[in-house]
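Good morning, and thank you for joining. Please take a moment with the sequence and the coordinates before I begin.

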Amino acid sequence: MRALARPPVALRSVDIARCVQIARRRKLDMVSALRAATESPQLPPEAREHIHTFLRLYRDAAGSLDSARPDLFVHRLVDRLGLRRQQVFSAQADVVERLVNLARLGELASSYAQRAPHATPRDFARYAAAVADAGLREEDGVGPPPPAGAVQLMALDAAAGRDLDWVFVLGLTAARMPGPRLRAGEMVPDALLKETLGPDDRAAHVASMRRLLHVAMTRAAHGLVLAYPALSSAGVAQPPSPFAEEARAALGAGWEVLEEELFGPEEALHATFQALRDELLSDVARVGKGLGELRFDTDLDVTHAVTRYLELVKLAALIERPEGQSVADALGPVNQRLSTELSPLQREVLATSPLDALLLDAERDDRARAAARAARTEPSLEAFLPRRGDGLALSASDIETYRSCPLRYKFARVLRIPQEPTLNQRFGILVHQVLERYHQATVESLDEMLNLLDWGWRRGGFGDSDEERQLRVKADAALRRYVQRVTEEPVQPVWFERAFSFRMGAHTLRGRVDRVDRLADGGYELIDYKTGRPRSAAALREDVQLSLYAVGAREAWQLDATQQAYLYVLDDEKVRVPSSEIDAGWIADTVDEVAGAILAQDFEPTPSYTVCSMCDYRIACPAAER
Ligand code: SF4
């Protein structure tokens, strides 16, 4: 999915959505669905071209997975995909970390290839997956400090205390700076804190982002450049950060519009030149050593080293070719001049080199990229948005998903990429089903409840792993406590899984409340079951779901609930939020803000470790934070 969306394939989102639709309908894996899509009338001819590009890359990469050297494979893959070029000029805020990580991946592959000279890219992929799980040792992950005069990429907070000549602050869109307030990780109970923390609200978030930008802006001794991409990757207009606007207005300056510029084929030439030069220098010592040994193939080694040197000369000639001449046009004459100076064996070795094909591919990909940029009219995903009348159909979980990361929402609700439910998700669904059926049964006994659990466990395909056995024990204990709680509480459960739907402005809000209790004082309590770890009432202050339930009950059922609660079934803990603390204005503003952004097709990712580590789309996401 990631390779499909970005250059050189750059399949438009709307076509990705169509391919996912084909995969879902025909129950195919994604590569098979793409093959099928090339024959489908659903896809326009230019989209099929893009898919063919992907399938060609896929075939090439799959073909060299078991034969190439891991470091060369990674280098060529990064180069073919144009990742570095795309990153440097994309001007997005997360660009720094991605570029650093890309460089680290190359270094990781090189050091792996040195340690395991016979390893293949497939071995390296396994190693990289293990490293991704276990993390890098400090000495593996951190390079030497940059020399004076170098350009250094860093996150805003890393600029603190530095003296820099020039500072370029990239990606200053309003969606990023100050951007949405991200939910804090695990809340630390106040009792465990020595100090008193300031408020954790929107105003505090805005103030902290402002301070962060101030730190970066004040590091520059000679010059400061603030930049933002005026269009998102989907071609939607993005306003600049209000802080950057403030700075601009204070200076009475204007924004200077710059088109995205790439090095084009030159970047591939320079990068390949550098890689070949490094390779040659490391081979020279080995070949030299071989000259002193009594071996039959020494002359072949020397021939390879010489032809490698000639390839460097070829690259230098291409870099210096006349302005305006294409690599394809320059290559023929350069090859001809070189071949006149070669011995027959050198000519033969040079003819088997994949260098020319690599350079021509890079140039072709760059042309395709330039054409894609010129026609940056990414078709609308309108047909795939969850429309209801003039507005959208939204649930609390849709809103939470969008607020946690807009790209995650796009993956889940617009592209509708299928996902396999995790064990914990299946477990949560089962507990909900058991509780619902228990209350629907005419006899609400403990035996009845445990029978339902037994039945659901068998039908749900749960196995016998340690984790599953532990969940089974937890469910058993939790349901016993649940029956006791329901029996002892002075309340009367009156509705279960009750659905609501109502209009808020142009939008339709829907949801389903797990349980509604009539309280002893005649009021009502809306209850949602949870199988995760309990959150405190303070952490639920800006909780969309409970607020939406309260408003939904009033609007759809004309029922004024006096309180809302999450019942954490496994911990037998109920966390209540009184209706007096529900701010209907806040939820209306939130719905308006989220729906407006979805309609504007603003799906810029907001990666963070907390959100990405729980995201089902990490594997498909180009922005995932690891
Ligand atoms: S992995 Fe992270 S950035 Fe990517 S969609 Fe998920 S939450 Fe967003």
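**The ligand shell and the fold**

Let me start at the ligand: of the 15 residues around it, C405, P607, C612, C615 and C621 come nearest, where near means that the C-beta atom, placed from the backbone, lies within 6 Å. What we are viewing is a predicted model, in which local features need pLDDT of at least 70, side-chain atom pairs count only at pLDDT 80 or more, and totals for chains, interfaces and linings use all residues. Residues are numbered from 1 along each chain as its sequence is written.

Which helix gives the most to this shell? It is α18, with three residues. Both α18 (406-414) and α24 (609-612) supply at least two residues each. Helices here are DSSP runs of H or I with at least four residues, strands are runs of E with at least two, and both are numbered from the N terminus. By character, the shell holds 12 nonpolar residues, three charged and no polar. Nonpolar covers Ala, Val, Leu, Ile, Met, Phe, Trp, Tyr, Cys and Pro; charged covers Asp, Glu, Lys and Arg; the others, Gly among them, are polar.

Turning to the whole protein, there are 24 helices and nine strands. Of its 626 residues, 26% are buried, meaning that 20 or more other C-beta atoms lie within 10 Å of their own; 12 or fewer makes a residue exposed, and anything in between partly exposed, with C-beta atoms placed from the backbone. Among contacts (C-beta atoms, placed from the backbone, within 7 Å) between residues at least 6 apart in sequence, 72% join residues at least 24 apart.

Next, helix α19. Its buried residues are F427, L430, V431, V434, L435 and Y438. Viewed down the axis, they fall within an arc of 130°, so they line one face of the helix; the arc is taken over the directions from the helix axis to the C-beta atoms. The general background is that an α-helix has 3.6 residues a turn, so residues three or four places apart point the same way. The buried residues of α19 pack against α20 (446-459), α21 (466-488) and β7 (524-530).

That brings us to the strands. β7 pairs with β8 in the parallel sense over six bridges, pairing requiring at least two DSSP bridges. E525 stands opposite Q563 in β8. Strand β8 (residues 563-568) is mostly covered, with five of its six residues buried.

Finally, R321 lies in the loop between α13 (298-319) and α14 (327-340). R321 counts as partly exposed because it has 16 C-beta neighbours inside 10 Å.

Definitions and conventions
Contact = placed C-beta atoms within 7 Å.
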